Amino acid sequence: MRGLTSTKTKPGQVLCLNGIRVLSKNWIILGHCVFYMFNEISDFSYISKLFKRRSFALIANSYPSVDTFFALSGFITTYVLLNKLRKIGMFTPSRWVVFYLHRYIRITAPYLVMILVDGFLYRQMVYGPLSLDYDRASSHQMCKEYWYTYLLYINNIVPWIPKGNTSCFGGSWYLANAMQFFIITPLLVVILYKKPIIGVSIILGVVTSSSVAAASITASLNLGPTMLLGNEANYLLLYRVPWIRIVAFLIGILGGWFYWTFGDNIITKIRTVNAMNRFKLAAPMWIVTVATQYAVVFGLYQDVLNAIQEENPSQRATKEAVSVSYQLLSRLAWSLSLVTQVLLCQCGLGGFINSLLSWSGWLVMSKLTYSVYLVHVGILGVFMAQLKHPFYIEPDFEFVIFYFGITVMSYLSASVLYVCVEQPVAYLEELIFQINS
């Protein structure tokens, strides 16, 4: 338990990531809560009223929250790996094996436990008026037939079309992408370490190709800018596949390399600048990045309004142009803005924003974000199955209570998973590798 509650930090840690992780994870839970709530609402006209609120776009278009984690993962993995290469030189084959095993064991242990819980205990916990709607029978069948794809982290592409449009475990597509990106990271980082220009060129080339591919698929199949304004093909062809989702991760890799290469020199120079000049230097960059993120999240507001009303044929061409442009630029714009903000915080240009995101209280919750991701969908299902009445007309207050209840229960359950599985496995793994070394 001490490992969970400790707020001690080490020199060189990127502390602002803690706050970003927690806020982004809560944003993901918020989006999922709304999705579940919409299935059990008493008055569908309320949904239309919600979408007419500009502020609701923060929930309806919460998809960039996932790109946040891809970008942060690329950033921190690259930064840590480059520091190790600088300290001990190129890894031997055995050290690379340990590098991959470390990641696989740490991620898979709690993941496997939750798959077992979901497969064997979930049905025992789901009871109530809506239990048949949330018993996830099709998900359990996927576990029986394709269990190996989840252990190999290829379940985002095998099977290509999931039966019943479901998966063995909710959110597993993200874990598959994250592991696939991690596998190729050392190759890119080594190239950046030895031949920076070639490495940057390769990454920029892949980012460009991925963005163009997303736009081309959208244009050729007339898909929507997001799943909310699209259909099942948006999920199958754009949302879950690694060759489209890799953009944010690659931008994170570039950010980690940039900070490792130029960070110390930038910090040294910034320290010589007075407070007013720092503000003049930082303010424009913060304004541009925040405005870009605002455009990514709220830029589709009018398109959502058009979608819930009768579509005007004259708007069809505009809709297609918006969809293609959004798929082309949104992931790149969001991740580039986010990584720039992380760099500003680390280089002394974050001001009160860096102080807020680096608050030591975030550290404890940040340790739980992975476990929270694993448990919160199951908690949502259990709650919804036992719901005795639908959400009533304009249930704003009910939804607030619903969201905070699910969030608190997710963090409490995640703390149990962390203390009982994630942390012991980490200690055991560290002990084994120390003995072998």
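**Exercise 1. The loop around Tyr153**

Locate Tyr153 in the chain, and then state whether Tyr153 is buried or exposed.

*Solution.* Begin with position: Tyr153 belongs to the loop between H7 and H8, where helices are DSSP runs (H or I) of at least four residues, numbered from the N terminus. The model is predicted, so local features need pLDDT of at least 70 and side-chain atom pairs pLDDT 80 or more, while totals for chains, interfaces and linings use all residues. Residues are numbered from 1 along each chain as its sequence is written, and side-chain values use heavy atoms, without hydrogens and water. Next, Tyr153 has a relative accessible area of 2% and is therefore buried, a word that stands for under 20%, with exposed for over 50% and partly exposed for what lies in between (1.4 Å probe, protein chains only). As a last step, look at the backbone, where phi of Tyr153 is near 60°, a positive value in a residue other than glycine.

**Exercise 2. Further backbone features**

Find which peptide bond is cis at Pro159, and find where Asn222 lies.

*Solution.* The bond that runs from Val158 to Pro159 is cis, and its omega is near -5°. Pro159 itself is placed in the loop between helix H7 (137-151) and helix H8 (172-194). For the second part, go to the loop between helix H9 (196-221) and H10, which holds Asn222; the phi angle of Asn222 is near 55°, a positive value in a residue other than glycine.

**Exercise 3. The salt bridge**

Determine how many salt bridges a search of the whole structure finds, and work out which parts of the chain are linked.

*Solution.* The search finds one salt bridge, meaning a side-chain nitrogen of Lys or Arg within 4 Å of a carboxyl oxygen of Asp or Glu. Its partners are Asp67 and Arg245, whose closest N and O atoms are 3.1 Å apart. The pair joins distant parts of the chain, since Asp67 sits in helix H5 and Arg245 in helix H11 (residues 242-271), 178 residues apart. Then check the surroundings of each partner: Asp67 is buried because its relative accessible area is 5%, and Arg245 also counts as buried, at 1% relative accessibility. Helix H11 also holds Ala248, a buried residue with a relative accessible area of 0%. The C-alpha atoms of Ala248 and Thr68 are 7.4 Å apart, although 180 residues separate the two along the chain.

**Exercise 4. Helix H6 and its surface patch**

Name the residues that form a nonpolar patch on the surface, and describe how Phe120 is placed.

*Solution.* The patch consists of Leu112, Leu116, Phe120 and Leu121, which together have about 400 Å² of accessible area, by the Shrake-Rupley method with a 1.4 Å probe. Such a patch joins nonpolar side chains within 5 Å, in residues with over 30% relative accessible area and no salt bridge. Phe120 belongs to helix H6 (residues 93-125) and is exposed, with a relative accessible area of 62%. Ile115 is also in helix H6, but at 14% relative accessibility Ile115 counts as buried; its C-alpha atom is 7.7 Å from that of Cys168, 53 residues away along the chain.

**Exercise 5. The cavities**

State how many cavities of 30 Å³ or more are counted, and describe what lines the largest cavity.

*Solution.* The count is two cavities of 30 Å³ or more, a cavity being a set of points on a 1 Å grid where a 1.4 Å probe fits but cannot get out, lined by residues with an atom within 4 Å of a point. The largest cavity has a volume of about 190 Å³, and among its 17 lining residues, Tyr63, Pro225, Thr226, Tyr326 and Arg331 are the closest to its centre. H14 gives the largest share of this lining, five residues. By type, the lining of the largest cavity holds nine nonpolar, five polar and three charged residues. The second largest cavity contains about 90 Å³ of space; of the 13 residues that line it, Ala57, Ala60, Asn61, Leu228 and Val304 lie nearest its centre. Helix H4 (57-60) and helix H13 (301-308) are the elements that give two or more residues to that lining.

Key
Patch = residues over 30% accessible without salt bridge, like charges linked within 9 Å, V, L, I, M, F, W, Y side chains within 5 Å. 1 Å grid on protein atoms, 1.4 Å probe; cavity = no way out; pocket = protein on both sides within 12 Å on 5 of 7 lines; lining within 4 Å. Points joined across faces, edges and corners; volume = space filled by probe spheres on them. Nonpolar A, V, L, I, M, F, W, Y, C, P; charged D, E, K, R; others polar.
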